[in-house]
Amino acid sequence: MSAANKDIPLLLEASDVHKSFGGVVALSDGQFRLKAGSVHALCGGNGAGKSTFLNIVMGILQRDAGTVLRNGRPVHFESPGDALDNGISIVEQELSPVPFMTVAENIFLGREPLRAFGRVDFRKMNSEAKILLDKLGFDIAPTDRMMDLPVAKIQLVEIAKALSYNAEIIIMDEPTSALGEAEAEQLFDAISLLKAQGKGVIYVSHRLSEILEIADQYTVFRDGRFIADGETAAITKEDLIHLIVGRTLDDGFPKTNTPTDRVRLSVKGINSDNHVRDVTFDLHEGEVLALYGLMGSGRTEVLDRLFGLTRCRAGQITLDGEPFDPKSPAMAIGKGLAFVTEDRKESGLVLSGSVRDNICLASLPMLSSLTRMKPGVETTASGRMIDLFGIKAATTKMPVSGLSGGNQQKVVLAKWFLTEPGILLLDEPTRGVDVGAKSEIYRIISSFAADGGSVLMISSETDEVLGLADRALVMRDGRLTGELSRSEMSAKSLLHLAA
Amino acid sequence: MTEIPEQKTTQAVPRAKTGASGVTDALQFAQKFGVLIALVLLCIFLTFANEYFLTGRNITNVLRQVSINGILAIGMTFVILTRGIDLSVGSIVALTGLVSASFATTSSVAAVAGGPYPAWLAIGLGLVVGGAVGAISGLFVARYRVPAFVVTLGMLSAARGLALLYAEGRPIPALTDSYRWIGTGEILRIPVPIVIFAIVFLVAWYVLNFTRFGRQVYAVGGNPHAAVVSGINEGRIQFSVYVISGALAGLAGMILAARTGSALPQAGIAYELDAIAAVVIGGTSLMGGIGTVGGTLIGALLIGIVNNGLDLLGVESYYQQIIKGVLIVAAVLLDQSRNKRS
């Protein structure tokens, strides 16, 4: 692939880049060749090594081995500032605006044009920001406060900021995840402009249609290894999916449940505050139903709605044939629902609390009388769950913050199993969990369904969906785009409906 | 400098477990019980430095002085545990003192028509007024999501104004003897304020450690999001802690009035600061979710004994303020170095 265009200079060339964390290899032979005037997509699933590679290029991490050439010259960036000095800037996925400042102040943060006596030259700053925004075709006034802008425009400002460094290489990590279609088009126009100026864009996105639309080249990483690269014009979406997913599924999934015909939860036409539209499905007894979709597809909002966490409560839900309108989590818990949320640190655990307190958190009414906690019952109950889930904790009273990620996740599961639920809502149940704990969690989920429980599970990991689910619903942009039976499910069919 | 956070945590855990030599054990002990150790050392020092310190009379005196700030600080502990703050307690002290005193005074000018009423009625009314003022703050915090600092700063001003308005800016003197008992009486030769403080402390300790409500307070402060997902009504818990803080401030206000024999509209100015200081010195985190009433008790005692000791040693009262300031910052610094380690 590189032989065809020998005359086009390479802005960045990385080969054999290696990085491991405490014995765990995150990236073993990262390769990447970025040409001037092109958009190069970096593709791969979770744990493929993309982030590690980008962090090395940006100087956030230091590589263990390998070479990185910048304009043919070997480089080693010690810090993000170092990378910036060498013409590499990034638009991060996590936005970090200073809300009270204006657009122009945000763009020139830390390098404001100055006048005599160190006064900021606001006029010059605003006019330069205006020139920049106009050039990019972004309809944003430099004097607007960031706090008054919608998320999509904040994203565009961040992009303008990255470009204002006059970098030659711009890394964009999921830049469209917060954008609507119109804003995404503006972004793509801006990217075309950059290409025309001979700059190089490294583009990371899970949305393959988008990649095929705007990228010129692709590179695929999988399991910390370089897999392939090439011209996007010469590849189909199916082939790209195949490269990203790779191997067929290992049979590491203990599937023991069989769904019955009895409908436990029936959902008709629910909407939610954030762009979930007209979602309808049934959940059966003994079934593991997967809800698959990219970030921002509205999948989490569906679970929020079922658990009484959304303000908007349009649509109808029935539970065992009875109307069910969850107004609060307490009400949902009372009806036998349990919700393992996506981010255990943000909404799953009280990190300052003990293992015992966390396990008992959702069962407090059951474990206490009006005047007191029933003596010893917390310790007994949490001890039972610790044994059941094989949680490795020194004592029940140790703080949950001292546990590993896998054990923390098991504490969250234990918390919900203690409520003796009939319906389990899972949002990315194995995120940030090591392989061993993962298979234990799969076993727990599967045997819960085998005992007659119902599971509605969100997962971005196709392996997990294929290994555990009896059926999969796929969401995109807040709507269901398809339903796949176990025999129809494959990594390709899932991604095809989702991306 | 460029380490990723995950690495840090995985490295820190084994280090803390394996590297525990005698020296680090002692260090950890000092960090965990730092304020308590400081309190004990201070008491030992004062015992030798001043013969009057360790006399029954002086100890009783210290405890009686501590009891009012201690009661306020216990209410404040509930609030701070939920990530809140209650700046209005000093003003509630004045307001409830006056309202309840107006039902228990023999002065014909200040009394409510038909007074004086029985002490139990006046005291019950004071608790209700304090709780009601707390309920208003709690409503704005829990229901309308106004930051607690702002709501209670507003209440600090409003409740003080109400107090001045109610008493027309004048003190209410000549309280009945039965009412004054809560400030000056004794049970088994222990002054009543100390007994009340002890009861409040024990009940608060029980509630925070052995009831569902206590667990919910810690959960809401530790991670409100997780608490809500776990079925806890965050708003109800927040509302409740301001009612508790308000009612306890009312109790403190009545004890103060009863002790001095008259209720003053300017009573309790800046009391909220001493209460917050006791809570913070006692190791409760302003970020919520971490802390104990035991710590608050120690914090309140430390402040009381420092004041008393400096008095006994004849140090100018100006120094007391400087030392209290140093204490607050030092205690939190100690706490943070401990939390960073774990």
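Helices (H or I, at least four residues) and strands (E, at least two) are taken here as DSSP runs, numbered from the N terminus. Counted in this way, chain B of this predicted model holds 15 helices and 2 strands. Chain B has 342 residues, and 49% of them count as buried. Its contacts reach well along the sequence: among those with a separation of 6 or more, 77% join residues 24 or more positions apart.

One helix pair of chain B is a good place to look at packing. Helix α10 (residues 212-222) and helix α12 (residues 234-260) of chain B have axes that come within 10 Å and cross at roughly 105 degrees. Angles of 65 to 115 degrees count as roughly perpendicular, and α10(B) and α12(B) are therefore roughly perpendicular to each other. On the α10(B) side, the contact is made by B:Q216, B:V217 and B:V220; α12(B) brings B:E234, B:I237, B:Q238 and B:V241. By class, the residues of this contact between α10(B) and α12(B) are 4 nonpolar, 2 polar and 1 charged.

Chain A, in turn, is divided into two parts, with domain 1 spanning 3-245 and domain 2 spanning 263-498. Taken over C-alpha atoms, the centres of domain 1 and domain 2 of chain A are separated by 35 Å. Where these two domains of chain A touch, 8 residues of domain 1 are in contact with 9 residues of domain 2. On the domain 1 side, helix α8 (residues 237-245) of chain A gives the most, with 3 residues. That side of domain 1 of chain A comprises 3 nonpolar, 3 polar and 2 charged residues.

Two open sheets of chain A can be followed strand by strand. In one of them, 6 strands of chain A are arranged in the order β16-β17-β18-β13-β19-β20, and the pairing is mixed. At its edges are β16 (337-340) and β20 (479-485) of chain A, each of which pairs on one side only. On average, and with direction ignored, neighbouring strands of this sheet are turned by 15 degrees against each other. The edge strand β16(A) pairs with β17 (residues 423-427) of chain A in the parallel sense, over 4 bridges, and A:A338 stands opposite A:L424 in β17(A). Towards the other end of the strand order, helix α18 (residues 491-498) of chain A lies across β13 (288-293), β19 (471-476) and β20 of chain A. Helix α18(A) runs at about 30 degrees to β19(A).

The other open sheet has 4 strands of chain A in the order β12-β11-β14-β15, with antiparallel pairing. Its edge strands, β12 (276-284) and β15 (322-323) of chain A, have a single partner strand each, so one side of each is left without a neighbour in the sheet. Inside this order, β11 (residues 263-272) and β14 (residues 316-319) of chain A pair in the antiparallel sense over 4 bridges. Here A:L265 stands opposite A:L319 in β14(A).

The two chains also meet each other. In total, 29 residues of chain A are in contact with 23 residues of chain B. Helices α10 (329-334), α11 (344-348) and α13 (364-367) of chain A each supply at least two residues to the side of chain A that touches chain B. This side of chain A divides into 15 nonpolar, 11 polar and 3 charged residues.

Notes. Residues are numbered from 1 along each chain as its sequence is written. Chains are lettered from A and ligands numbered from 1 in the order in which they are written. This is a predicted model: local features need pLDDT of at least 70, side-chain atom pairs count only at pLDDT 80 or more; totals for chains, interfaces and linings use all residues. Two strands pair if DSSP finds at least two bridges between them. Axes are lines fitted to C-alpha atoms, for helices over the stretch in contact, and angles run from 0 to 180 degrees between N-to-C directions. Two residues are in contact if their C-beta atoms, placed from the backbone, lie within 7 Å. Domain bounds come from an automatic or database domain assignment. Ala, Val, Leu, Ile, Met, Phe, Trp, Tyr, Cys and Pro count as nonpolar, Asp, Glu, Lys and Arg as charged, and the others, Gly among them, as polar. Angles under 35 degrees count as roughly parallel, over 145 as roughly antiparallel, 65 to 115 as roughly perpendicular and the rest as oblique. A residue is buried if 20 or more other C-beta atoms lie within 10 Å of its own, exposed if 12 or fewer, and partly exposed in between; C-beta atoms are placed from the backbone.
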